[in-house]
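Me: Can you walk me through this protein? I'm new to reading structures, so keep it short.

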Amino acid sequence: MVGQRALCRPPGLLLLTALCLLHLGAAAQPSRRPCRLPQKLPLPPNSKSAYPVLSNPARPSRTAEQGQPEEAAVSIQGVRGGSVELACGARPTPLLIFWSFTPLGSLIPRPVAVTNGAESKVEAGASALGAVSLRDSSLVLGELREGARGHFLCQALHAAGGQLHVAYSHFSLTVLVPISKPQVRLSEPSPVEGTSVVATCAVREGTEPVTFAWQHQAPRGPGETLVGVTEQILQLDPVNRTHLGWYVCSAHNAVNRLSSDGAFLDVIYGPDNPVITVEPPGFTEEGFWASEKEEVTLSCLAASNPPSHYVWLRDHTQVHAGPTYTIARTSRAHAGPYTCLAHNSRLDTHTQTTVQLTIYYPPEGQPSCAVLPTSGAMTLVCTWPGGLPTAQLQWEGPQGTGPTALSNVTWSHAATQLPNSSVFTCTGQHPALALLALCRISLWEPLRSPTCWTMATTGDQFITLSCEWPGGEPPALLSWLDGQQQPLGGGSSSLAIHVLQAQEDLAGREFTCRGTHPLRAPDPHCRLRLEAPQLAVAEPRVSVLEGGEAWLGCALLGGMPPAQLLWLGPQRLPVEPGASGFVLHPEGSQLHLGIRGADPAHHRGTYQCVARNTLGNSSQSVLLEVLRYPAPPNVTISRLTYGRRRTEVQLQWAIKGPGNLTGFLVQRRASVPGPGAGAWERAAGDIEPESRTRRLGGLDPGVLYAFRVLAMNHHTTGHPSEVKIPADPPFSAYPAVLGAAGTGMVVAMVASLLVFQYAARHPETFPCLGQLLVPMEQSHQQRGSMEGPEARAGIETPSTIPGSDPAQESTEAPVNVTITVTATP
């Protein structure tokens with residue numbers, strides 16, 4: 001194209017000169033002039049490195065006349081879009097510079113530019129190379145294009161020594177193209193695990209050679225460079241779940257380096273066999289365990305893409321849907337196998353895992369501690385049965401830790417190695433308990449010594465030997481020994497009882513109870529001696545006055561088993577307390593018999609105190625004498641009269657002769673002595689000895705009574721007085737007359753008042769009385785007229801009631817009054 005334009009246009013001077021030079025250069029072999037090249041070519045944007053421009057050292061130019069061979073062209077690299085400067089020679093300014101360009105694969109040079117220093121000319125077709133300009137003798141190519149790739153020739157015309165010389169400079173220009181942004185292309189974006197996937201890093205343009213690099217980034221991890229993969233194609237065969245993630249490829253050449261956007265490879269896989277975990281964690285050989293009454297969460301996880309759907313089964317029955325199954329409050333009923341079923345909906349595949357859940361529960365209550373005494377030692381026993389699993393028990397004592405066992409642990413100790421008040425602790429551990437359970441036991445010896453006693457059974461058939469030594473930990477061992485220190489039966493703790501057949505030959509035999517305790521040395525003991533009872537009385541003869549109180553005393557001096565005390569009366573019968581004035585008062589080993597209100601007829605006689613046990617009897621006698629008081633003096637009745645109404649009598653008496661008195665007794669009966677007479681009954685008692693008269697009431701006027709009086713000296717009664725019948729009282733008319741007169745006066749006064757009142761109301765009936773009463777009415781009327789001014793002054797006068805005129809009132813019949821006076825002698 002450049003050649004066609006040159007043929008059409010008329011050649012100018014510069015162009016003709018250049019053509020001549022070109023012709024000369026073609027005909028001869030001019031020497032190459034050294035050229036000054038730029039040190040660095042500009043790079044296009046986004047380029048990451050600078051490439052130095054190769055330069056050739058300056059060499060002296062050889063002329064064609066010298067006939068030297070032509071040197072090789074200088075290689076220069078430029079970047080598309082950048083600029084390049086080609087320097088032609090280093091001599092003084094030439095007369096003429098001519099630049100030409102020969103594309104790759106062509107042998108025809110094309111003119112580019114020419115200059116003579118004063119003016120320059122750039123061929124219009126040179127714009128295919130870029131923005132072409134001349135700077136002195138150098139050719140500047142800006143906005144470099146790929147069409148500038150080829151050979152450039154600089155021909156410089158110099159004048160030297162009156163001759164023209166031509167210098168040639170050859171340049172080979174390479175235009176580099178930056179790499180375009182890569183793009184990752186996947187053969188299958190969502191492959192199934194185990195298949196093959198090809199990833200290609202596509203680059204639209206860029207100067208070869210191009211180097212590739214791959215980077216893989218997992219969804220939840222940092223980016224990872226795939227070492228050793230530098231090819232444009234990445235083949236994953238077979239693909240697996242580790243290949244899932246973002247893939248980025250980068251490409252670089254001599255100009256630049258660029259990376260692609262990420263492409264996501266979604267690998268479909270699973271589900272794997274589910275993995276089951278339990279919170280709170282607890283592991284057994286069969287699976288997991290959880291404590292009773294706590295919250296338990298079962299979690300299931302099966303690796304899968306897309307994520308699995310989970311279903312929980314128990315005994316082939318669905319109990320929950322979802323990855324976690326929570327039991328809010330576990331019980332023993334929740335124990336058993338649990339299956340987690342995982343399902344991949346994309347691949348329609350299933351997997352499952354089954355685990356055994358065991359519910360742990362502790363034993364009930366707390367550990368139980370006990371100590372068992374043995375000969376010269378003691379054994380500590382700690383038990384805590386039940387629970388799942390069984391509890392772990394361990395003893396701890398003053399000398400350190402002891403043995404360990406499940407559910408039941410024992411620990412034996414020599415008694416001589418332990419001080420009094422030693423404390424031992426049994427600690428129980430169980431997985432279902434957050435805190436330790438424990439029990440403590442303190443070893444201490446019993447206080448004092450054993451206590452012995454004996455008693456007989458009902459019917460005195462057997463004798464029981466009892467021995468007690470309470471307290472202590474462990475309890476003391478007690479055993480009975482006979483007189484030859486031979487054991488009687490086996491031993492027992494705290495209380496030992498031995499039964500003997502009641503026999504008379506046991507009297508006088510001795511028995512020993514021996515106590516044994518690991519912390520007490522030597523062994524304490526107590527003794528019993530069996531014997532018949534022995535008695536003693538306070539006084540063998542007791543006297544008491546009649547009606548008094550007597551006490552008979554009896555004391556038990558000995559006897560084993562303890563004897564039973566009782567009193568026998570004069571009739572040889574046991575005395576019953578509360579009957580006939582008897583009182584029994586036991587006091588320790590004594591039994592007192594009290595007799596109240598002593599009566600010679602019932603209480604006089606010999607009493608026996610009897611002591612009885614299974615080995616024999618013993619008795620002592622006491623004589624009781626009841627003495628009488630002296631007889632009181634005789635009594636005579638001096639007066640006995642009825643009252644006015646015959647319901648009471650007045651009695652007077654007198655005493656005859658000396659004697660002590662404590663009171664009198666009055667008796668009565670309903671008739672005189674004779675056939676059919678009534679019995680004497682008490683009319684009055686507890687009469688003071690100073691009294692000589694008595695009024696007795698409550699009599700029936702229609703009954704005839706007889707009375708007598710007796711003197712009393714305590715419980716001794718004197719001879720009764722003579723029997724008398726009450727006499728009528730003497731007559732007296734004076735009271736009757738006074739009563740009649742008084743009654744008549746009262747009746748007469750009442751009758752007079754009634755007559756005067758009637759006469760005042762009816763004056764026509766009694767004229768005389770009316771005349772006497774009229775002046776009184778007139779005086780009243782005058783008094784009323786005097787009060788008239790006062791009424792007019794503001795005092796209101798009572799008004800007259802209509803119809804109150806006496807003339808208008810009807811007359812009534814006269815009133816008759818009869819007065820009767822009766823006198824009763």
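**Starting with one aspartate**

Reply: Sure. Leaving aside neighbours within four places in sequence, Asp 482 is in contact with Leu 488, Glu 510 and Phe 511. Keep in mind that this is a predicted model.

Me: Ok. Where is Asp 482 found?

Reply: Asp 482 sits in the loop between β35 (477–481) and β36 (487–493).

Me: Is Asp 482 buried or exposed, and which side chain of opposite charge is nearest?

Reply: Asp 482 is buried. Its nearest side chain of opposite charge is Arg 509, 5.4 Å away. Asp 482 has no salt bridge.

Me: Why no bridge to Arg 509 at 5.4 Å?

Reply: The cut-off for a salt bridge is 4 Å from nitrogen to carboxyl oxygen, so a pair must fall within that to count. Arg 509 is 5.4 Å away.

Me: So what does the side chain of Asp 482 reach?

Reply: A backbone nitrogen. It belongs to Gln 484, at 3.1 Å.

Me: Let's zoom out. How many helices and strands are there?

Reply: The protein chain has 6 helices and 54 strands.

Me: And how much of the chain is buried?

Reply: Of its 825 residues, 37% count as buried. The chain exposes about 46,600 Å². Carbon and sulfur atoms supply 54% of that area.

Me: What about contacts between residues far apart in sequence?

Reply: Take the contacts between residues at least 6 apart in sequence. Of these, 62% join residues at least 24 apart.

Me: Back to salt bridges. How many are in the whole structure?

Reply: A search finds 17. Here is one of them: the side chains of Glu 292 and Arg 332 meet at 3.4 Å, N to O. This pair links distant parts of the chain, 40 residues apart. Glu 292 is in the loop between β19 (287–291) and β20 (296–301). Arg 332 is in the loop between β23 (324–327) and β24 (336–344).

Me: Are Glu 292 and Arg 332 buried or exposed?

Reply: Glu 292 counts as partly exposed because its relative accessibility is 23%. Arg 332 is partly exposed too, at 46%.

Me: Which partner does Glu 625 meet in a salt bridge?

Reply: Arg 541, at 1.9 Å, N to O. They link distant parts of the chain, 84 residues apart. Glu 625 is in strand β47 (residues 616–627), and Arg 541 is in strand β41 (residues 541–545). Glu 625 has a relative accessible area of 22%, so it is partly exposed. Arg 541 is partly exposed as well, at 48%.

Me: What about Arg 695? Which residue does it form a salt bridge with?

Reply: Glu 648. Their closest N and O atoms are 3.0 Å apart. Again, the pair links distant parts of the chain: the two are 47 residues apart. Arg 695 lies in strand β52 (residues 693–696), while Glu 648 is in the loop between β48 (634–642) and β49 (649–656). Arg 695 counts as exposed, at 54% relative accessibility. Glu 648 counts as partly exposed, at 28%.

Me: Which residues do salt bridges with shared partners join into one network?

Reply: Arg 80, Glu 146, Arg 204 and Glu 205.

Me: New topic: strands. How do β33 and β34 run?

Reply: Antiparallel. 6 bridges join β33 (residues 451–456) to β34 (residues 462–468). Cys 452 stands opposite Cys 467 in β34. The hairpin has 5 residues between the strands, and Gly 459 takes a positive phi near 90 degrees there.

Me: Where does Thr 454 lie?

Reply: In β33. Thr 454 is buried, because its relative accessible area is 3%. A polar atom of its side chain lies 2.8 Å from the backbone oxygen of Thr 464. Beyond four places in sequence, Thr 454 touches several residues, among them Leu 528, Met 560 and Pro 561.

Me: Last one. Which residues make up the covered face of β12?

Reply: Phe 212, Trp 214 and His 216. The uncovered face holds Thr 211, Ala 213, Gln 215 and Gln 217.

Me: And what sense does β12 pair in with β15?

Reply: Antiparallel, over 7 bridges with β15 (residues 245–252). There, Val 248 is the bridge partner of Gln 215. β12 also pairs with β13 (residues 223–225) in the antiparallel sense, over 3 bridges. In β13, His 216 has Glu 224 as its bridge partner. A hairpin of 5 residues joins β12 to β13.

Conventions:
Residues numbered from 1 in each chain as written. Predicted model: local features only at pLDDT ≥ 70, side-chain atom pairs only at ≥ 80, totals over all residues. Heavy atoms only, no water. Helix = DSSP H or I, 4+ residues; strand = E, 2+ residues; numbered from the N terminus. Buried < 20%, exposed > 50% of the residue type's maximum accessible area, 1.4 Å probe, protein only. Lys, Arg positive; Asp, Glu negative; His and termini not counted. Polar contact = N/O pair within 3.5 Å; in protein donor to acceptor, adjacent residues only side chain to side chain. Contact = heavy atoms within 4.5 Å. Areas by Shrake-Rupley, 256 points an atom, 1.4 Å probe, with all protein chains shown as cover. Pairing = 2+ DSSP bridges.
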